[in-house]
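Colleague: I am new to this structure and would like a close look at a single part of it. Please take me through that part slowly.

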Amino acid sequence: MRYGEMRWPCEYPVTVFHGSERMQAVIVNVSSGGARLRLERVFDPGEVLTLDLGNRRLAATVRWCRVGLCGLRLLTPLSRPDLATIRRVRQQIGTVASGRWNTHLHELR
C-alpha cells in the first residue's frame with residue numbers, strides 16, 4: 001500500500017475523546033493528513049475521534065484499528081507548525097539515537 005504523503009515517526013502524547021469517553025494515547029507516526037495512534041481501546045472504522053494536542057483539538061476518522069494501534073485520517077490537515085511540533089517531541093526525548101529511519105514503519109518510503 002502506498003501513501004500520498006510522507007509519514008514521520010514520533011512519540012507525541014495526546015488525549016482522545018470519543019463521545020463522553022476520554023483516554024490517553026500516543027501518536028507514533030504522523031503526516032499532515034493522518035496519524036497512527038498507540039492506545040488500548042479498539043474502534044470501528046468510520047468512527048470519529050477528537051484528538052487534544054494541548055494547543056488545539058482535531059477531529060479524525062478511524063480508518064483501521066486493532067488491539068494497540070489505530071490509523072486515523074484527520075478531517076482538517078495539520079499545519080506545518082503543528083506537524084513540526086509533533087515531530088520535534090521524538091527528537092527531544094532521544095528515541096532515535098542512530099539517526100536512521102525506522103524501517104518497520106511501512107508508510108515511510
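In what order do the six strands close into a barrel, and is the pairing parallel or antiparallel?

Modeller: Bearing in mind that this is a predicted model, the six strands close into a barrel in the order 1-2-3-6-5-4, and their pairing is antiparallel. From one strand to the next, the twist averages 45°. Taking one pair from this barrel, strand 2 and strand 3 are joined in the antiparallel sense over four bridges, and here Val-26 stands opposite Arg-38 of strand 3.

The barrel strands also contribute to the largest nonpolar core, which has 25 residues, and within that core Ile-27 and Leu-37 are the members that touch the most others. At least two residues of this core come from each of strand 1 (8-18), strand 2 (21-30), strand 3 (34-38), strand 4, strand 5 (57-66) and strand 6 (69-74), and helix 1 (80-92) likewise supplies at least two. If we follow Leu-37 and set aside its neighbours within four places in sequence, its contacts include Val-14 and Val-16, then Ala-25, Val-26 and Ile-27, and also Leu-51, Gly-68, Leu-69, Cys-70 and Leu-72.

Val-14 leads us on to Asp-52, which belongs to strand 4 (residues 48-52) and which, not counting residues up to four places away in sequence, touches Val-14, Thr-15, Phe-17 and Arg-57. The side chain of Asp-52 also has a polar atom that lies 2.8 Å from the backbone nitrogen of Gly-54.

Methods. Residues are numbered from 1 along each chain as its sequence is written. This is a predicted model: local features need pLDDT of at least 70, side-chain atom pairs count only at pLDDT 80 or more; totals for chains, interfaces and linings use all residues. Side-chain values use heavy atoms; hydrogens and water are left out. A polar contact is a pair of N or O atoms within 3.5 Å; within protein, one must be able to donate a hydrogen and the other to accept it, and residues adjacent in sequence count only if both atoms are side-chain atoms. Contact means heavy atoms within 4.5 Å. A nonpolar core is a set of buried Ala, Val, Leu, Ile, Met, Phe, Trp, Tyr and Cys residues joined through side-chain atoms within 4.5 Å. Buried means under 20% relative accessible area, exposed over 50%, partly exposed in between (1.4 Å probe, protein chains only). Two strands pair if DSSP finds at least two bridges between them. Axes are lines fitted to C-alpha atoms, for helices over the stretch in contact, and angles run from 0 to 180 degrees between N-to-C directions.
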